[in-house]
Amino acid sequence: MHYLKENQFYTPTLAEVEAFVLGNLELPRKSVLVTFDDGYESNFHYAHPILSKLGLRAVNFIVGINTQHRETHTGFDPLVLTHLSWEQLNIMVKSGIWEIGSHTYDGHKKLNNVPVLQTWSSDEQVMDFQAINDNLYAQQLPQPISIAYPYGAYDHDILKSSTSSGYRLGFTVEEGVVRPGANLLQLPRYGVFPWHDLNQLELILVNSPE
């Protein structure tokens, strides 16, 4: 994050990315949409203070059922994998730093090694998407306009269900740069994982194809 700040990268909002893809907005050449998947509590304790300090923005794609079942407590154990609570999400969103996206309500799992979202009927997909939308609404949080497909898996039915659920942007795990004219529901992303170092991140940012 310090690298992004020091090298004057711009972190756009989802609406700005949408407008850019539609050809209605010109973003700075050095623009990076920062996204986090799964809604881990560590995002609140580690990422949130850093982003706030540096004035950078990000999107957090949460799995609704994990937050719904999250018990609020005051302690945080970095050795235990826990998820964000509604209270933490409210703080993050109200800061103006974060936007919340959908990572489905209960679709982040596999059935016989197949992403469960692809085994569901269109009605089941829409029901799941509506469940996370309803949860966010009940918590007085903004309705999500974007979805990150679990495991990056999507097909025609999932794209159709996403649109009917109010999602205007969809993110895959296919590597690539988002350009004007791209399919808004099949946007690529570069994954950055714990085993990547700063040099590898720089290679992605500097050497990404025009």
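Here are some notes on the predicted model above, point by point.

1. A good place to begin is Asn 60, which belongs to strand S2 (residues 58-62). With a relative accessible area of 0%, Asn 60 is buried. Its side chain makes a polar contact with the side chain of Asn 43 at 3.0 Å. The Asn 60 side chain also reaches the backbone nitrogen of Gly 39, here at 3.5 Å.

2. What else surrounds this asparagine? Setting aside residues up to four places away in sequence, Asn 60 touches Phe 36, Gly 39, Asn 43, Leu 84, Met 92, Trp 98, Glu 99, Ile 100 and Gly 101. Two of these names, Phe 36 and Trp 98, come back below as an aromatic pair.

3. Now to the largest nonpolar core, which has 39 residues. Which of its residues touch the most other members? They are Leu 4, Ile 62, Leu 89, Trp 98, Leu 136, Tyr 149 and Leu 205. Two or more residues each come from helix H1 (2-6), helix H3 (42-54), S2, helix H5 (86-94), strand S3 (98-102), helix H6 (122-138), helix H7 (156-164) and helix H8 (198-207). There is also a second, separate core of 13 residues, with Leu 27, Val 59, Ile 145 and Leu 187 among them. As background, nonpolar side chains in soluble globular proteins tend to be buried together.

4. Trp 98 deserves its own look. At 4% relative accessibility, Trp 98 counts as buried, because the cut-off for that label is under 20%. Beyond its neighbours within four places in sequence, Trp 98 is in contact with Phe 36, Asn 43, Ala 47, His 48, Leu 51, Ala 58, Val 59, Asn 60, Met 92 and Val 93. Asn 60 and Asn 43, joined by a polar contact between their side chains, are thus both on the contact list of Trp 98.

5. Turning to the rings, the structure holds seven aromatic pairs. One of them joins Phe 36 and Trp 98 in a tilted arrangement, 5.3 Å centre to centre with 55° between the planes. This pair links distant parts of the chain, with Phe 36 in strand S1 (residues 35-38) and Trp 98 in strand S3, 62 residues apart. Phe 36 is partly exposed, at a relative accessible area of 21%, whereas Trp 98 is buried.

6. Another pair, Tyr 46 with Phe 76, is edge-to-face: the centres are 5.9 Å apart and the planes make an angle of 75°. Here too distant parts of the chain are linked, as Tyr 46 lies in helix H3 and Phe 76 in the loop between helix H4 (64-68) and H5, 30 residues apart. Tyr 46 is partly exposed at 46% relative accessibility, and Phe 76 is partly exposed at 24%.

7. Two lysines are worth a glance as well. The charged end of Lys 30 sits over the ring of Phe 9, 5.1 Å from its centre. Lys 110 lies over the face of Tyr 151, at 4.7 Å from the ring centre.

8. Last comes helix H8. Are its buried residues, Leu 201, Ile 204 and Leu 205, on one face of the helix or spread around it? Viewed down the axis, they fall within an arc of 90°, so they line one face. Asn 199 and Asn 207 are exposed on the other side of H8. The cover over the buried residues includes H1. At the start of H8, a side-chain oxygen of Asp 197 reaches to within 3.1 Å of the backbone nitrogen of Asn 199.

Methods. Residues numbered from 1 in each chain as written. Predicted model: local features only at pLDDT ≥ 70, side-chain atom pairs only at ≥ 80, totals over all residues. Heavy atoms only, no water. Helix = DSSP H or I, 4+ residues; strand = E, 2+ residues; numbered from the N terminus. Buried < 20%, exposed > 50% of the residue type's maximum accessible area, 1.4 Å probe, protein only. Polar contact = N/O pair within 3.5 Å; in protein donor to acceptor, adjacent residues only side chain to side chain. Contact = heavy atoms within 4.5 Å. Core = buried A, V, L, I, M, F, W, Y, C linked by side-chain atoms within 4.5 Å. Phe/Tyr/Trp six-rings, centres within 6.5 Å; stacked < 30°, edge-to-face > 60°. Lys NZ or Arg CZ within 6 Å of the ring centre and 35° of its normal. Arc of directions from axis to C-beta.
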